[in-house]
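I set out to record the internal spaces of this model and the residues around them. The entries below follow the order in which I looked things up.

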Amino acid sequence: VERPNAAARAAETFLSALDRIYGRILDAALRHRLAVLGIGFCALAISVYLASFVKSEFKPEEDQSEFNVQIRAPLGASLDSTRNIAEEVRRRIAGQPWVEYIYYDIGSDEMQRVNQAQLYVKMREKDDRPGVSQRDAMEWTRGAVAGIGGAVISVQEVPRIGGGGFRSALVQLDLRGPDLSVLANLSGKLVETLKKRPGYTDLDTTFEGGKPEAHVFIDRDRSADLGVSAIAVASTIRAAIGGLNAAKFRAEGDRYDVAIRFLDKFRDKAEAVEALKLRSASGRLVDMRSVASVRRAEGPMEINRYNRQRQITVLANLTKDEHGREKKLGDAKKEIDAVVKDIGLPPGYSAAWIGFAEIMEESFGHMFFALYLGVIVVYMVLASQFESFVHPFTIMLALPFSVIGAIGGLILTNLTICIFSLIGIIMLMGLVTKNSILLIDYTNTLRRRDGLDRDAALRRAGPVRLRPILMTTFAMIFGMLPVALGMGAGAETRQPMAVAVIGGLTTSTILTLVVVPVVYTLLDDISVRLAGIFSRRRG
């Protein structure tokens with residue numbers, strides 16, 4: 001027979017001592033059941049209270065080693081002016097040691113506006129730029145490129161979702177209503193209010209006014225007398241200013257449209273429109289001045305609509321607050337909702353969250369539904385396994401106890417409730433019940449097979465099942481530990497899930513070993529009393 005070595009003997013000595021200590025704790029817990037139950041539920045109540053201090057966001061900010069710089073030159077800027085601004089931005093960033101390369105494009109938005117440009121900044125990998133995170137680089141860039149050429153410049157993450165008008169700003173709030181001028185006033189007030197509050201940067205709106213326009217007003221009576229229809233006025237102006245396809249040209253198998261319109265020097269002046277000649281119904285030429293007047297005006301660059309209502313989107317990114325902590329999307333959402341309420345929306349006007357805030361609210365709702373559904377499924381499985389409607393409640397007591405550690409772990413590590421930490425909490429619903437199953441199943445076996453009474457069965461089952469409970473728990477904890485330490489690329493998204501799982505497993509295991517046996521005895525007493533009441537009624 002091979003003799004155990006010193007390490008094995010030391011391990012066995014330690015585990016035997018642990019069994020004896022746990023046996024004494026379990027014996028004391030069974031003698032002071034109400035006190036133990038009170039401590040357990042006080043811990044749960046404290047964790048629920050602390051949950052209000054955990055910040056929320058859709059997903060943690062990930063160091064992708066890249067970011068975008070959005071440039072909007074003043075309205076009416078030429079292609080060369082926008083290019084000069086983009087070149088100056090590129091020049092200021094290019095000299096930094098953390099930059100790998102930069103490129104930019106102009107007019108790549110859906111409306112191909114030449115006053116808008118976008119720079120893509122590719123950073124060196126994290127190991128090649130120690131001490132400089134993506135957030136640090138973005139903050140430095142905001143200060144370095146502010147105020148160039150009077151342009152509106154914002155620094156944003158590279159969006160993981162593209163197309164469909166998706167914007168990469170973290171905060172996006174739609175203001176909707178019938179009057180565009182009222183919406184512009186409301187959005188302006190909101191932006192000015194948020195500028196005075198810490199934690200917001202890159203504040204802007206999608207409303208861009210001041211575009212020069214010429215409004216043509218037709219004198220209906222005069223045009224009717226001269227035999228000129230409104231359609232003739234509109235078609236003539238469209239052909240002169242916008243152009244008209246007059247013919248087609250074929251060459252070497254290709255076909256080209258031949259468009260005609262006024263030269264630039266005649267299209268840029270309102271007087272040129274008034275000098276147009278119109279053809280009346282009788283064939284005579286009539287001056288535009290005889291039937292219409294042209295007035296200069298200003299209008300929006302574009303008008304966005306949702307459900308036939310006009311809308312303006314307020315955009316912002318988040319930075320550090322007055323305490324030096326990163327402002328999260330959940331806090332910003334609550335604060336902006338309060339600001340909108342203070343400003344007051346007129347009747348017929350509304351505010352709606354879009355972008356990441358909308359996705360966060362929708363995703364959290366689905367995750368909590370999955371959590372509730374998971375709890376119901378766990379109860380159904382346990383009820384069929386133990387052939388009891390009572391014992392599953394004892395086993396499932398580990399579920400709320402796991403939330404204590406999950407919330408505590410997120411607070412201690414300064415992480416947030418996000419889509420990934422919620423996935424970790426849902427995982428806990430299936431992981432933590434195994435400790436209670438091991439303990440309660442063996443207790444029932446001792447009572448049925450060996451004829452032990454309830455408390456004696458618990459006192460024997462606890463120390464016997466302690467080792468497999470600890471073994472499986474530590475195996476899962478150490479398996480999650482590298483992820484919880486945040487090592488490797490993209491670790492920011494995985495870390496909250498691992499921290500929630502480790503914290504939940506830790507507190508659930510500790511409380512399961514002490515509180516679950518106590519609750520088992522209480523529910524067993526209730527079952528016995530109910531059975532006695534029903535038997536007396538039948539008799």
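**Cavity and pocket linings**

I began with the composition of the largest cavity's lining: its residues divide into 10 nonpolar, 4 polar and 11 charged. I note here that the model is a predicted one.

I then looked up how many cavities there are, and found that the structure holds 3 of 30 Å³ or more. For the largest cavity I recorded about 410 Å³ of space. I counted 25 residues lining this cavity, and those closest to its centre are Glu61, Arg135, Glu157, Leu170 and Asn317.

I next asked which elements give two or more residues to this lining. I found H4, strand S4 (152–156) and strand S14 (309–318). The largest share, 4 residues, comes from H4.

I turned to the second largest pocket and noted a volume of about 690 Å³. I found 27 residues lining this pocket, with Glu57, Glu326, Lys328, Asn414 and Leu415 the closest to its centre.

I also looked up which helices each supply at least two residues of the pocket lining. I recorded helix H4 (134–144), helix H14 (398–412) and helix H18 (491–538). H18 provides the largest share of this lining, 4 residues.

I closed with the composition of the pocket lining, which divides into 8 nonpolar, 7 polar and 12 charged residues.

I add one cross-reference: H4 gives two or more residues to the lining of the largest cavity, and H4 also supplies at least two residues of the lining of the second largest pocket.

Definitions and conventions:
Residues are numbered from 1 along each chain as its sequence is written. This is a predicted model: local features need pLDDT of at least 70, side-chain atom pairs count only at pLDDT 80 or more; totals for chains, interfaces and linings use all residues. Side-chain values use heavy atoms; hydrogens and water are left out. On a 1 Å grid over the protein atoms alone, a cavity is a set of points where a 1.4 Å probe fits but cannot get out, and a pocket is an open set with protein on both sides within 12 Å along at least five of seven lines; lining residues have an atom within 4 Å of a point. Grid points are joined across faces, edges and corners, and a volume is the space filled by probe spheres set on the points. Ala, Val, Leu, Ile, Met, Phe, Trp, Tyr, Cys and Pro count as nonpolar, Asp, Glu, Lys and Arg as charged, and the others, Gly among them, as polar.
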